[in-house]
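This briefing goes with the sequence and structure shown below. It covers the chain as a whole and then a few local regions.

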Amino acid sequence: MPNPLRPVAAWASRRFAGGGGARPRRRMLGALAGLAVTGAAIALVVSQIALALPDARREVETRLSRLLDGPVHVDGQASFSLLPLPRASLRDVRILAARPGEDPVAVDVDQVDADFDVVAALLGRVAIKRVTLLRPEITTDAVALPPEPEPGPASPTLPIPFAAQTPEASRRLDDLLLRFSGINEIRVRDGLLRIPGQAGGFSNANLVFRWPGEDEAATLSGSYVWNGEPTQISLVVERPRPFLAGTASPLSVTLNAPPLAVLFSGEGSAGDRLQLAGRLQLSTPSLSRTVRWLGERSLTLPDFGALAFDTQLKVFGQRASLGALEINLGGNQARGALEAARDDRGRPAVSGTLAFDTIDLAAFGGAMAPPPRTIIDFQRPLRTDFLRDIDIDLRLSAARATLDRLRLGELAAAVKVTDGRAVFDVGDMAILGGRGQMRLSLDARPPSRLSGSASLRGIDLSALRETTLMLLPVNSGTANLELEVDTPAGNWGDVALANRTRIELNARDGTLAGLDLRLLRDGGPHTLSAAEAGAGFRTLSARLDGTGGTLRLDAARIETQEGATTLSGRYDLRTADVEATGLFDPVQVEASGRGDAFIPSQPIPFRIGGEWPSPEMTVGPPGRPI
């Protein structure tokens with residue numbers, strides 16, 4: 001065999017001939033000798049590796065077949081490269097996996113690259129260092145459905161409870177790890193998962209799963225697209241097989257996507273039931289959109305806004321507790337503790353306590369029943385269906401609360417939802433300078449219906465006037481107010497047309513708006529204005545009953561220094577038309593200088609009609625003294 005270094009030696013002898021001395025020549029010869037040794041070592045390594053390469057394809061096919069438990073078919077070419085690492089490449093690979101009791105899975109891979117361990121190859125063994133799957137496509141085929149059963153009671157449509165899935169999932173994952181042994185690392189490039197009959201799903205997967213062996217941590221990291229959103233994931237389980245067997249193991253999970261960010265750090269175990277304990281941080285710009293993005297079809301939430309929380313999580317089977325919870329929901333910040341669970345039907349339930357600094361009650365109500373802005377909005381269904389899919393039992397408190405322009409304080413309330421029936425019960429609150437209680441009950445089962453009541457004590461009527469921005473018939477005073485409402489709750493049109501209301505008002509030491517009782521002594525028409533101050537009153541009592549857009553004033557009595565006034569009538573909320581009739585009974589007038597002689601005055605009739613707040617009052621002719 002010709003010496004491949006002879007041309008180099010000839011060039012060197014010519015280069016240094018005739019000058020430079022012996023020392024440069026010695027350095028050059030030393031370098032050439034080192035080069036020769038290196039070349040010989042490379043040649044030896046290559047020759048040894050070449051002996052193991054014919055077994056590479058068989059090793060790759062065996063490992064993939066064992067991993068997915070199905071035959072491997074290579075329809076394309078197989079090629080080998082030695083540098084920089086020994087690598088076997090298989091093109092157009094198809095794996096058919098059909099384990100007993102599981103849906104069949106087909107895996108089509110454009111190219112499989114298997115890198116081999118150099119040291120093992122030198123020792124005459126074939127050891128895979130990593131496997132890379134280029135553009136794998138996983139397709140699941142559903143098992144044929146059994147014949148439809150005879151008609152009978154409807155079966156639950158919700159999925160199997162998670163707790164029932166945990167033992168089987170743990171067994172399958174442990175079996176997968178055992179079959180993964182010997183691969184060490186698998187990389188997925190541009191992967192795709194197809195599920196028949198489902199759009200979106202899992203695509204553009206670029207993931208790395210690494211598990212060197214029994215005493216090593218298992219890690220999963222990379223990115224993918226889930227339901228159209230790019231997602232970054234990182235998962236570390238320090239002791240994966242003990243974890244799956246039910247022994248606690250440190251673990252951490254990080255997930256970042258536009259709809260959702262999750263960070264968990266702690267420990268957990270699987271086995272017969274999932275157990276987790278550690279710190280959980282979660283944030284999402286929209287809870288309802290995140291639920292849809294995750295693919296949860298059994299629960300459709302209104303858009304309550306962004307959600308973020310930081311908590312100490314504990315999971316035991318079907319139950320999860322969120323302790324030391326700091327939560328921000330739609331800009332409402334609270335502290336407390338929650339517990340979440342699923343019943344035997346898979347129905348979620350949430351309970352616990354939350355203490356808010358400030359809570360916007362209108363934001364939560366508006367998410368379920370957005371105020372109508374156009375005629376079409378009156379026909380849109382209210383978003384209360386989710387109440388049929390979840391149970392809630394919460395205790396709420398708030399130092400301050402708002403309900404549109406209404407300011408509340410020292411709020412103590414309970415929220416309870418059971419089988420589609422929801423109750424919001426305010427046991428105590430500061431309101432309009434007084435105290436109050438309120439209760440709302442909503443039955444979200446078709447046909448949905450809403451009923452409510454409120455009892456307010458010692459409220460300031462001037463504050464009520466300022467809050468409502470309405471020209472009410474009273475300017476000021478201290479009052480007790482009772483309110484009841486009952487209405488269909490399918491849409492705003494039902495609420496507006498078919499509601500039933502009852503209002504009872506008892507006030508004292510206030511002033512009327514626009515009604516000057518001195519006008520009752522002058523016959524004829526008088527234009528009133530609710531924007532102007534009226535007569536003062538000692539007591540005022542009124543009862544109103546409403547149907548749809550009409551309020552009926554059954555009886556009102558106003559007592560002033562000038563006398564007593566009774567009033568009845570109706571008010572149209574849609575047109576602001578008012579119609580009322582009344583009697584003014586003046587106080588008795590002294591007829592002589594003796595204190596025990598009085599001449600009674602005859603009651604003065606009057607009527608009020610027109611558009612509020614500027615109706616016209618017509619006073620009948622005053623009667624003669626008897």
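Contacts between residues at least 6 apart in sequence were sorted by separation, and 49% of them join residues at least 24 apart. The model is predicted. Its chain has 626 residues, of which 36% count as buried.

**Whole chain**
- The secondary structure consists of ten helices and 32 strands.
- About 34700 Å² of the chain is exposed, and 57% of that area comes from carbon and sulfur atoms.

**Strands E10, E11 and E12**
- Strand E10 (residues 249–257) and strand E11 (residues 260–269) run antiparallel and are joined by nine bridges.
- The connection from E10 to E11 is a hairpin of two residues.
- Across this pair, Thr254 stands opposite Leu263 in E11.
- E11 also pairs with strand E12 (residues 275–284), again in the antiparallel sense and over nine bridges.
- Gly266 has Gly278 of E12 opposite it.
- The hairpin of E11 and E12 has five residues between the strands, and Gly271 in this hairpin takes a positive phi near 70°.

**Helix H9**
- Helix H9 spans residues 461–468, and its buried residues are Leu461, Ala463, Arg465 and Thr467.
- The cover over these buried residues includes four strands: E18 (406–418), E21 (449–460), E22 (474–488) and E23 (500–513).
- Leu469, just after H9, takes a positive phi of about 55°.

**Thr565**
- Thr565 lies in strand E27, which covers residues 563–572.
- With a relative accessible area of 2%, Thr565 falls under the 20% cut-off and therefore counts as buried.
- Beyond its neighbours within four places in sequence, Thr565 is in contact with Leu517, Leu520, Ala556, Arg557, Ile558, Leu583, Phe584 and Phe606.

**Pro71**
- Pro71 sits in the loop that runs between helix H3 (56–68) and strand E1 (72–74).
- The relative accessible area of Pro71 is 44%, so this residue is partly exposed.
- Pro71 and Ile95 are 24 residues apart in sequence, while their C-alpha atoms are 5.8 Å apart in space.
- Neighbours within four places in sequence aside, the contacts of Pro71 are Ser65, Arg94, Ile95 and Leu96.

Conventions. Residues are numbered from 1 along each chain as its sequence is written. This is a predicted model: local features need pLDDT of at least 70, side-chain atom pairs count only at pLDDT 80 or more; totals for chains, interfaces and linings use all residues. Side-chain values use heavy atoms; hydrogens and water are left out. Buried means under 20% relative accessible area, exposed over 50%, partly exposed in between (1.4 Å probe, protein chains only). Contact means heavy atoms within 4.5 Å. Accessible areas come from the Shrake-Rupley method with a 1.4 Å probe; for residues, only the protein chains shown count as cover. Two strands pair if DSSP finds at least two bridges between them.
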